[in-house]
There are 2 protein chains.
Amino acid sequence: MDSKQFREAAKQLVDYVCDYLDNIRDRPVLPSVEPFYLEKQLPDSAPEDGEPWESVFNDIEKLIMPGMTHWHSPRFHAYFPTANSYPSILADILTGALGCIGFTWIASPACTELEMSMMDWLGKMLNLPEEFLFSSRGNGGGVIQGTASEATLVTMLGARSQALAKLASSCSSNQSIPLDKLVAYCSTQSHSSVERAGLLAAITIRALETDENLSLRGETLEKAIKEDKAKGLIPFLAVATLGTTNSCAFDNIVEIGEICQKEDIWLHIDAAYAGSAFICPEYRHYLNGVEKADSFNMNPHKWMLINFDCSALWLKNRHLVANAFNVDPVYLKHDKQGQIPDYRHLQIPLGRRFRSLKMWFVLRLYGVKGLQEYIRKHVRLAHEFEAMLKTDSRFEIEQPVVLGLVTFRLKGSDELNEKYSKAINDRKQIHITPSRINGRYTLRFAVCARTTEQDDIKFAWNEFQTVASQILKENEQTTK
Amino acid sequence: MDSKQFREAAKQLVDYVCDYLDNIRDRPVLPSVEPFYLEKQLPDSAPEDGEPWESVFNDIEKLIMPGMTHWHSPRFHAYFPTANSYPSILADILTGALGCIGFTWIASPACTELEMSMMDWLGKMLNLPEEFLFSSRGNGGGVIQGTASEATLVTMLGARSQALAKLASSCSSNQSIPLDKLVAYCSTQSHSSVERAGLLAAITIRALETDENLSLRGETLEKAIKEDKAKGLIPFLAVATLGTTNSCAFDNIVEIGEICQKEDIWLHIDAAYAGSAFICPEYRHYLNGVEKADSFNMNPHKWMLINFDCSALWLKNRHLVANAFNVDPVYLKHDKQGQIPDYRHLQIPLGRRFRSLKMWFVLRLYGVKGLQEYIRKHVRLAHEFEAMLKTDSRFEIEQPVVLGLVTFRLKGSDELNEKYSKAINDRKQIHITPSRINGRYTLRFAVCARTTEQDDIKFAWNEFQTVASQILKENEQTTK
């Protein structure tokens with residue numbers, strides 16, 4: 001395919017994706033295929049000769065679309081939002097064409113420098129303490145990671161390396177410190193990726209109990225640290241969450257931060273979903289306490305219209321992570337080393353795309369106000385759904401609605417709610433995913449798509465009511 | 001930005017990137033900026049109000065281009081090739097618009113299933129043993145990772161988990177096995193990411209000496225294993241490389257595979273660059289021995305025209321990796337679990353883009369023959385450059401040219417060659433990166449861009465000769 005053919009094909013595809021997104025409500029949000037639906041329709045092997053573009057293009061609708069869960073349907077209410085915007089898709093066209101791999105400054109100065117500036121821009125939008133920004137000309141700065149899982153892992157490895165270095169310098173003997181003495185903390189509500197990072201980094205993770213609001217408190221952490229120290233363990237890291245996946249609960253980072261500072265423990269804050277909301281002054285108070293943290297992470301690829309992957313991680317001292325990762329072959333050295341960061345030291349992979357172009361396009365084309373409006377629309381819609389639930393006594397709301405997530409149940413057993421959730425998804429008109437909160441099977445309704453409007457909330461509510469009537473009737477008949 | 005504005009902007013940008021790639025020879029391959037060039041020109045913070053598309057579009061040429069190292073210039077000969085093709089950029093437009101996060105089958109059946117089929121297609125193109133493919137309906141299968149670094153880390157964690165499980169089952173006591181007893185092997189020529197994976201996974205890595213061809217041999221590995229076992233260590237993994245970064249050397253995987261089987265050690269093969277060449281029957285013999293490996297990795301995003309990121313990893317027993325990573329929250333469960341793989345178990349992050357679309361577009365639009373031709377063109381051009389070097393007695397070729405990489409030196413000291421390499425890059429007409437081979441500072445000339453042609457090789461050779469004359473003259477004058 002040469003540039004002439006590409007110009008034509010790309011324009012055809014641009015029209016196709018616009019039509020797809022404009023008319024996405026016409027498609028059921030969930031597909032009706034069974035496992036291995038695609039294998040049956042695809043050839044066993046790649047073609048020997050190149051095929052014409054039209055064949056490939058036609059197969060999108062024929063083979064791919066029937067197997068899609070439409071994440072950007074306004075009727076998708078599962079998990080958390082995933083970003084998708086036109087400015088971001090534009091930036092990715094440019095990223096693809098430039099195709100640079102920005103592991104060092106010299107590998108493309110623009111790639112490194114735009115990322116530094118964009119992480120500063122976003123840090124300022126969030127009103128992060130100056131120490132987290134490159135503009136402070138200190139040790140701080142931000143880096144784009146692929147996912148919050150990676151951000152947690154990178155942070156854990158930095159903290160682990162720092163803890164081992166401290167221990168080594170305080171030990172007179174040459175004895176090696178076994179990793180199994182180290183312990184990190186999160187809460188029972190933390191994302192599964194924290195437990196996973198512990199598995200990978202060979203670190204013990206203790207998931208601490210939360211209070212009645214599903215919030216991890218300082219005294220709980222303090223007690224755990226005391227217990228572990230008494231056992232001869234070495235606490236070195238706490239991961240606090242702002243906006244948990246289960247229920248959008250907030251750990252008390254003011255209290256936790258104080259304990260971490262007192263105990264000289266690394267505090268990492270995971271605000272993967274909720275972090276985007278902190279660009280609105282009325283939600284910024286949830287971030288109070290971040291000044292006591294060592295690292296902070298949020299995902300613009302969730303709720304800030306920057307397409308996956310773009311997970312923003314800020315570090316107060318980026319050198320602590322760089323030191324943990326430091327490997328320096330001659331083929332990666334360059335003249336300006338040390339004058340400006342080389343991002344390869346701040347991530348697990350070596351290679352990296354020019355992802356800050358997406359941030360630049362989205363921040364400029366929407367502006368801060370445009371992004372704030374978008375966040376506020378989602379929160380408003382979530383409250384509208386909450387208000388609908390309150391009009392129907394068959395439902396109970398599980399946790400207070402703070403941002404764009406509503407957790408609720410049909411009054412009744414876990415079994416009933418499980419059946420209910422399945423019935424909703426089986427109709428494929430809307431899509432939700434469940435959770436377990438305080439031991440109870442709970443439904444989660446997240447406002448997800450960029451184009452979700454009031455009518456879509458009404459549509460979903462109608463589904464919930466209709467299916468509730470069916471399920472409760474069936475349940476009544478079974479009980480009889 | 002709505003779909004109407006996007007249609008227009010995208011078409012404008014498509015034309016821009018075509019013009020950029022069509023006329024890329026007009027730009028110096030390396031930029032002339034100093035660190036912080038961009039910060040000085042960008043506003044301190046994001047705009048409050050959204051800006052018009054034209055402002056952003058105009059800034060691409062004004063602010064970004066002056067800071068670009070043009071990786072897809074036919075005059076870029078640094079590192080290794082990075083893929084860039086029109087079919088791949090097309091696929092990314094679709095990936096962006098669909099915007100699904102395919103961590104489980106239900107999160108988008110098409111995303112999981114197309115990846116399974118594409119990994120099988122590519123596995124067949126490479127003539128991988130049937131056990132590595134999903135179509136065998138056994139334990140094997142392929143997964144797209146972000147980078148070879150991630151593939152190595154994932155594999156190391158799988159192997160570590162398997163080793164610990166074996167030890168636990170053979171120990172009668174409840175004693176925990178300290179990680180520092182485990183040892184993995186690579187060679188002194190392995191990529192820095194192997195050492196790095198060891199740091200992350202808290203595993204000791206021994207880099208073994210190679211033979212005169214920079215190839216790791218079976219007897220070297222066997223000797224190391226014997227030594228380590230005698231010290232009470234537990235060898236569990238060997239990472240062999242096909243096509244090293246330094247010199248495109250090949251470890252002897254037939255010999256290594258035999259030792260690994262005898263010693264019950266996981267063998268991982270990293271063919272990040274060279275792997276793409278194995279789709280040509282004349283190079284497939286380098287892969288003989290893969291049948292003894294447990295995992296095999298190559299990067300279509302290097303030399304197979306599939307844009308970054310797309311690193312292909314095949315496992316003979318994918319469950320060994322899945323078991324190492326297994327964390328199973330209720331919000332990720334679904335009905336069809338167990339019937340078909342959930343890719344989240346085979347990677348470090350949770351989220352993942354619909355990357356197999358790129359493979360599908362590229363494999364179909366080029367066809368196997370088209371991709372073979374592309375590989376052969378690069379190898380032919382490398383040999384043409386080798387032939388040019390041989391005509392000039394001032395140069396010596398360091399290692400035999402096998403694929404698209406030529407390693408060579410100016411006859412003389414390391415200092416001379418370092419000065420030479422710097423002078424070449426300072427002129428910004430071509431770009432190369434150095435290496436250290438057998439302790440000597442060596443130049444690497446890689447054929448990289450999709451559009452590199454014979455005239456570009458002649459252009460580069462002219463640069464090398466011109467600068468050699470200058471440097472040797474300067475050197476002579478200094479010596480006098």
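# Helix 12 and the chain A–chain B contact

Q: What covers the buried residues of helix 12 of chain B?
A: Helices (H or I, at least four residues) and strands (E, at least two) are DSSP runs, numbered from the N terminus. Buried means under 20% relative accessible area, exposed over 50%, and partly exposed in between (1.4 Å probe, protein chains only). Contact means heavy atoms within 4.5 Å. The cover includes strand 8 (395–397), strand 9 (405–410), strand 10 (433–437), strand 11 (440–446) and helix 13 (454–479) of chain B.

Q: What kind of model is this?
A: Residues are numbered from 1 along each chain as its sequence is written, with chains lettered from A and ligands numbered from 1 in the order in which they are written. Side-chain values use heavy atoms, leaving out hydrogens and water; local features need pLDDT of at least 70, side-chain atom pairs count only at pLDDT 80 or more, and totals for chains, interfaces and linings use all residues, since the model is predicted.

Q: How far apart are the end C-alpha atoms of helix 12 of chain B?
A: The helix has 14 residues (414–427). Expected span is 1.5 Å times one less than the number of residues. That gives 20 Å, and the end C-alpha atoms agree at 20 Å.

Q: Which residue follows helix 12 of chain B?
A: Buried residues of this helix include B:Tyr420, B:Ile424 and B:Asn425. Just after the helix comes a residue with a positive phi, near 60°. That residue is B:Lys428.

Q: How many salt bridges are there between chain A and chain B?
A: A salt bridge is a side-chain nitrogen of Lys or Arg within 4 Å of a carboxyl oxygen of Asp or Glu. Over all chains, the structure holds 74. Between chain A and chain B the count is 20.

Q: Which residue of chain B meets A:Glu51 in a salt bridge?
A: The N to O distance is 2.8 Å. The pair crosses between chains, from the loop between helix 1 (3–22) and helix 2 (53–64) of chain A to helix 11 (residues 356–390) of chain B. A:Glu51 is partly exposed at 22%, while its partner is buried at 6%. The partner is B:Arg364.

Q: Which residue of chain A forms a salt bridge with B:Arg364, the closest N and O atoms being 2.8 Å apart, besides A:Glu51?
A: B:Arg364 has a relative accessible area of 6%. The A:Glu51 bridge is described above. The other residue is A:Asp59.

Q: Which residues does B:Glu51 touch?
A: B:Glu51 sits in the loop between helix 1 (3–22) and helix 2 (53–64) of chain B. Its relative accessible area is 23%, so B:Glu51 is partly exposed. Not counting residues up to four places away in sequence, B:Glu51 touches A:Arg364 and A:Leu365.

Q: How far apart in sequence are the parts that A:Arg352 and A:Glu115 tie together?
A: Their side chains meet in a salt bridge (2.8 Å, N to O). A:Arg352 lies in the loop between helix 10 (318–325) and helix 11 (356–390) of chain A, and A:Glu115 in helix 4 (residues 109–125) of chain A, so the separation is 237 residues.

Q: How much area do chain A and chain B bury between them?
A: Buried area is the accessible area (1.4 Å probe) that two parts lose on being put together, summed over both. The contact takes 143 residues from chain A and 144 residues from chain B. Carbon and sulfur atoms carry 65% of the buried area, which is about 12,700 Å².
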